[in-house]
Amino acid sequence: MFVMELIYTAPLEAVDAELEAHRAWLDVHFAKGVFLAAGVKKPREGGVILAVADDRAHAEEIAAGDPFVTAGVCEYRITEFVAARTAPALEQYRQPPV
């Protein structure tokens, strides 16, 4: 599992200009079952996505396709973690502890 942290690198006006394309990109990955949750940070300086991917390279490839990235308005910090405990609704994503 991965925490994909978006960090805006441009003014909000530039981010907002890409928002529709970014949301469409999110929809694609939610439909594929890759994204479990996504939202904006408070204060609005980026966002967070909780994702399931095959490996780190796959998570990085997904992030590279974000319209925010291709437009140069954000960068990603990706953190992999082992979901050893989850809420019941996320039980299928539990992993054995390391």
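This is a guided tour of the model shown above, moving from the whole chain to its strands, its core, its aromatic rings and one residue of the last segment.

The model is predicted, and local features were accepted only at pLDDT of at least 70 and side-chain atom pairs only at pLDDT 80 or more, while totals for chains, interfaces and linings use all residues. Residues are numbered from 1 along each chain as its sequence is written, and side-chain values rest on heavy atoms, with hydrogens and water left out.

**The whole chain**

Begin with the whole protein in a cartoon view, where there are four helices and four strands; helices (H or I, at least four residues) and strands (E, at least two) are DSSP runs, numbered from the N terminus. Read from the N terminus on, the elements run β-α-α-β-β-α-α-β. The radius of gyration, taken over C-alpha atoms, is compared here with a globule rule of 2.2 Å times the number of residues to the power 0.38. For this protein the radius is 14 Å, close to the 13 Å that the rule gives for 98 residues, so the protein is as compact as a globular protein of that length. Along its principal axes the C-alpha trace spans about 40 × 25 × 25 Å.

Switch to a surface view next: the protein exposes about 6000 Å², of which carbon and sulfur atoms supply 55%, with areas from the Shrake-Rupley method with a 1.4 Å probe, only the protein chains shown counting as cover for residues. Of the 98 residues, 34% count as buried, where buried means under 20% relative accessible area, exposed over 50%, and partly exposed in between (1.4 Å probe, protein chains only). Among contacts (heavy atoms within 4.5 Å) between residues at least 6 apart in sequence, 66% join residues at least 24 apart.

**The strands around β3**

Select β3 (46–51) together with β2 (35–40). These two strands, β2 and β3, run antiparallel and are joined by five bridges, and a hairpin through five residues connects β2 to β3; strands are taken to pair if DSSP finds at least two bridges between them. To follow the bridges, pick G39, whose partner in β3 is V48, and then A37, whose partner in β3 is L50.

Now add β1 (2–8), which runs antiparallel to β3 and is joined to β3 by six bridges. In this pairing E5 stands opposite V48.

**The nonpolar core**

Show side chains for M4, W25, F35, I49, F68, Y76 and I78, which touch the most other members of the 21-residue largest nonpolar core. The elements that give two or more residues to this core are β1, α2 (19–31), β3, α3 (56–64) and β4 (74–80), and the largest share, four residues, comes from β1. Such a core is a set of buried Ala, Val, Leu, Ile, Met, Phe, Trp, Tyr and Cys residues joined through side-chain atoms within 4.5 Å.

Centre the view on F35, which counts as buried at 3% relative accessibility. Leaving aside residues up to four places away in sequence, F35 touches M4, W25, L26, H29, F30, I49, L50, A51 and I62. One of these, H29, lies in helix α2 and is buried, with a relative accessible area of 10%. With the same sequence neighbours left out, H29 touches V34, F35 and I62.

**The aromatic rings**

A search of the whole structure finds three aromatic pairs, where rings of Phe, Tyr and Trp (its six-membered ring) pair if their centres lie within 6.5 Å, and planes under 30 degrees apart count as stacked, over 60 as edge-to-face and the rest as tilted. Select Y8 and F68, an edge-to-face pair at 6.0 Å centre to centre with 85 degrees between the planes. Y8 lies in strand β1 and F68 in helix α4 (residues 67–70), so the pair ties together parts that are 60 residues apart in sequence. Both Y8 and F68 are buried.

Move to W25 and F35, whose rings are edge-to-face at 5.3 Å centre to centre and 65 degrees between the planes. This pair links helix α2 to strand β2 across ten residues, and W25 counts as buried at 8% relative accessibility. Add F30 to the selection, because ring pairs link W25, F30 and F35 into a cluster.

**The last segment**

Finish at Q95, in the segment after β4, which counts as partly exposed at 30% relative accessibility. Not counting residues up to four places away in sequence, Q95 touches M1, F81, V82, A83 and A84. Q95 and D55 are 40 residues apart in sequence and 14 Å apart in space, C-alpha to C-alpha.
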